[in-house]
Amino acid sequence: MFMGTHVLSLRIDGELLDRLRDHAAKRGMSVQDYVVRTLIRDDFDERFQAAVEETERFYGVT
């Protein structure tokens, strides 16, 4: 499976951009890298939670 890159353009207000810059700078990252990693982490969290719930249903855990 080929995983190419694509461009996503966002319009955000200045206050949010400043907060993103602060969070990214604390981690030594660019705003772009910080946002992408945050999205990936949130996506993983959702998929992991769904897997846990499916496993619990399979084994009848309540």
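What is the volume of the largest pocket? In this predicted model, the largest pocket has a volume of about 560 Å³. Its lining is made up of 16 residues, and those closest to the centre are Leu8, Gln32, Val35, Val36 and Leu39. Two helices stand out in this lining: H1 (14–26) and H2 (31–59) each supply at least two of the residues. The largest share comes from H2, with five residues.

Leu8 also leads to a second feature, this time on the surface. Together with Leu10, Ile12 and Leu16, Leu8 forms a nonpolar patch there. The accessible area of these four residues together is about 390 Å². Within the patch, Ile12 is found in the segment before helix H1. The relative accessibility of Ile12 is 38%, so Ile12 counts as partly exposed, a class that lies between the limits of 20% and 50%.

The two helices can be checked against their expected spans. H1 has 13 residues and, at 1.5 Å a residue, should span 18 Å; because its end C-alpha atoms are 18 Å apart, the two values agree. A similar check can be made for H2. With 29 residues, H2 should span 42 Å at 1.5 Å a residue, and its end C-alpha atoms are indeed 42 Å apart, which agrees.

Finally, it is worth a look at what comes after each helix. H1 is followed by Gly28, which has a positive phi near 65 degrees. After H2 comes Gly60, and here too phi is positive, near 70 degrees.

Key. Residues are numbered from 1 along each chain as its sequence is written. This is a predicted model: local features need pLDDT of at least 70, side-chain atom pairs count only at pLDDT 80 or more; totals for chains, interfaces and linings use all residues. Side-chain values use heavy atoms; hydrogens and water are left out. Patches are made of residues with over 30% relative accessible area and no salt bridge: like charges are joined within 9 Å, nonpolar side chains (Val, Leu, Ile, Met, Phe, Trp, Tyr) within 5 Å. Accessible areas come from the Shrake-Rupley method with a 1.4 Å probe; for residues, only the protein chains shown count as cover. A salt bridge is a side-chain nitrogen of Lys or Arg within 4 Å of a carboxyl oxygen of Asp or Glu. Helices (H or I, at least four residues) and strands (E, at least two) are DSSP runs, numbered from the N terminus. Buried means under 20% relative accessible area, exposed over 50%, partly exposed in between (1.4 Å probe, protein chains only). The expected span of a helix is 1.5 Å times one less than its number of residues. On a 1 Å grid over the protein atoms alone, a cavity is a set of points where a 1.4 Å probe fits but cannot get out, and a pocket is an open set with protein on both sides within 12 Å along at least five of seven lines; lining residues have an atom within 4 Å of a point. Grid points are joined across faces, edges and corners, and a volume is the space filled by probe spheres set on the points.
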